[in-house]
Amino acid sequence: MSNIKKAFENGKAFIAFITCGDPDLETTKEAVIAAVNGGADLIELGIPFSDPTAEGPVIQGANLRALKGGVTTDKIFDFVVDLRKEVTVPMVFMTYANVIYSYGAEAFIGKCREIGIDGLILPDLPFEEKDEFNDICVKNNLDLVSLIAPTSENRISMIAKEAKGFIYVVSSLGVTGTRSNITTDLDSIVKVIRENTNVPCAIGFGISTPEQATKFSSKADGVIVGSAIIKLLEKYGKEAPKYIEEYVHGMKAAI
């Protein structure tokens, strides 16, 4: 088990998603530190990809801005080495299988261990195909985080039984983005998860307000917020970190 469990040791976990290199890696570093100062228990770092299928327009925009700014996987690895001098909370990479394939799975995952990354989230990796990455992750003490969506239905128990780190519960169908209303029956999904594993679960996709944070953290062990944070980066650019700290503080208080 990696460090991810630490994020869930002090009550409900607040997980902040930030795209690396939007608008630049210097601002990303300040944004991560601001989120941690605001109370984030785990940081999800997005490695930009040109075709991020799970993402809505907000995070797609962040991916494109970061790539346009010249960010690369190697630059992100160096950035994390620097970040780890100041940030001790668990951190995971969120990216796509192609990014790892093109880098080389052994090299990429080995590097993650070396620089202090605790887990990987790959939204385009089907559960049935996870072993090709999972075996390398196990060898490197990295948790390959499982996603459970409303469409998982009769596969929920199977996915939960093999889960590591934490389970990412996708709140609704479609792509990432803020939502005013989430109608999925998350209680029954979480109930099946609880019956099959002690691994904590956090709900993501669409959560942006303190009211939503309160509601969804009562159903699970934590909440994941991405698009709302990326919107602050899009709006304020290099000035965004102070707004991010304030925002995360309010969200953490709500859970």
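Trainee: Where is the place of Asn141?

Mentor: Asn141 sits in the loop between H6 and strand E5 (143-148). Keep in mind that we're looking at a predicted model.

Trainee: What makes Asn141 count as partly exposed?

Mentor: Its relative accessible area is 47%. Buried means under 20% and exposed means over 50%, so Asn141, at 47%, falls in between and is partly exposed. Asn141 also has a positive phi of about 55°, although it is not a glycine.

Trainee: And why does Glu153 count as exposed?

Mentor: Glu153 has 58% relative accessibility. Exposed starts over 50%, so Glu153 counts as exposed. You'll find Glu153 in the loop between E5 and helix H7 (156-161). Its phi is positive too, about 35°, and Glu153 is not a glycine.

Trainee: Lys130 is in a loop as well. Is Lys130 buried or exposed, and how do you know?

Mentor: Its relative accessible area is 7%. The cut-off for buried is under 20%, so Lys130 is buried. Lys130 lies between strand E4 (119-121) and helix H6 (131-139). Not counting residues up to four places away in sequence, Lys130 touches Leu125, Leu144 and Glu162.

Trainee: Let's turn to the whole chain. What makes the protein chain as compact as a globular protein of that length?

Mentor: First, the inventory: the protein chain has eleven helices and eight strands. Its radius of gyration is 17 Å, and the globule rule gives 18 Å for 255 residues; the two are close, so the chain is as compact as a globular protein of that length. Of the 255 residues, 57% count as buried.

Trainee: How do the eight strands run in the barrel?

Mentor: They form a closed barrel, E1-E2-E3-E4-E5-E6-E7-E8, with parallel pairing. From one strand to the next, the twist averages 25°. Helix H10 (residues 227-236) packs on the sheet, where H10 touches strand E1 (13-19) and E8.

Trainee: How do you know that E2 and E3 pair?

Mentor: Count the bridges. Strand E2 (residues 42-46) and strand E3 (residues 91-94) have four bridges, in the parallel sense. Pairing needs at least two bridges, so E2 and E3 qualify. Within E3, Phe93 is the bridge partner of Leu45.

Trainee: And what about E7 and E8: how many bridges join them?

Mentor: Two bridges join E7 to E8, and they run parallel. At least two are needed, so E7 and E8 count as paired. Ile203 has Val223 as its bridge partner in E8. On the other side of the naming, strand E6 (residues 167-170) is joined to E7 by four bridges, and the partner of Val169 in E7 is Ile203.

Trainee: Which way do the residues of E7 point?

Mentor: Cys201 and Ile203 point one way, Ala202 and Gly204 the other way, and all are buried.

Trainee: Which residues have the most contacts inside the largest nonpolar core?

Mentor: Leu45, Phe93, Phe108 and Phe166, in a core of 94 residues. Leaving aside neighbours within four places in sequence, Leu45 is in contact with residues including Phe17, Val32, Phe79 and Ile117.

Trainee: One last puzzle. In helix H9 (residues 210-217), Gln212, Ala213, Phe216 and Ser217 are buried. Why are they said to be on the same side of H9?

Mentor: They cover an arc of only 115° around the axis, which puts them on the same side of H9. The buried residues of H9 pack against helix H8 (186-196), strand E7 (201-204), strand E8 (222-225) and helix H11 (240-254).

Definitions and conventions:
Residues numbered from 1 in each chain as written. Predicted model: local features only at pLDDT ≥ 70, side-chain atom pairs only at ≥ 80, totals over all residues. Heavy atoms only, no water. Buried < 20%, exposed > 50% of the residue type's maximum accessible area, 1.4 Å probe, protein only. Arc of directions from axis to C-beta. Contact = heavy atoms within 4.5 Å. Core = buried A, V, L, I, M, F, W, Y, C linked by side-chain atoms within 4.5 Å. Axes fitted to C-alpha atoms, helices over the stretch in contact; angles between N-to-C directions. Rg over C-alpha atoms; globule rule 2.2 N^0.38 Å.
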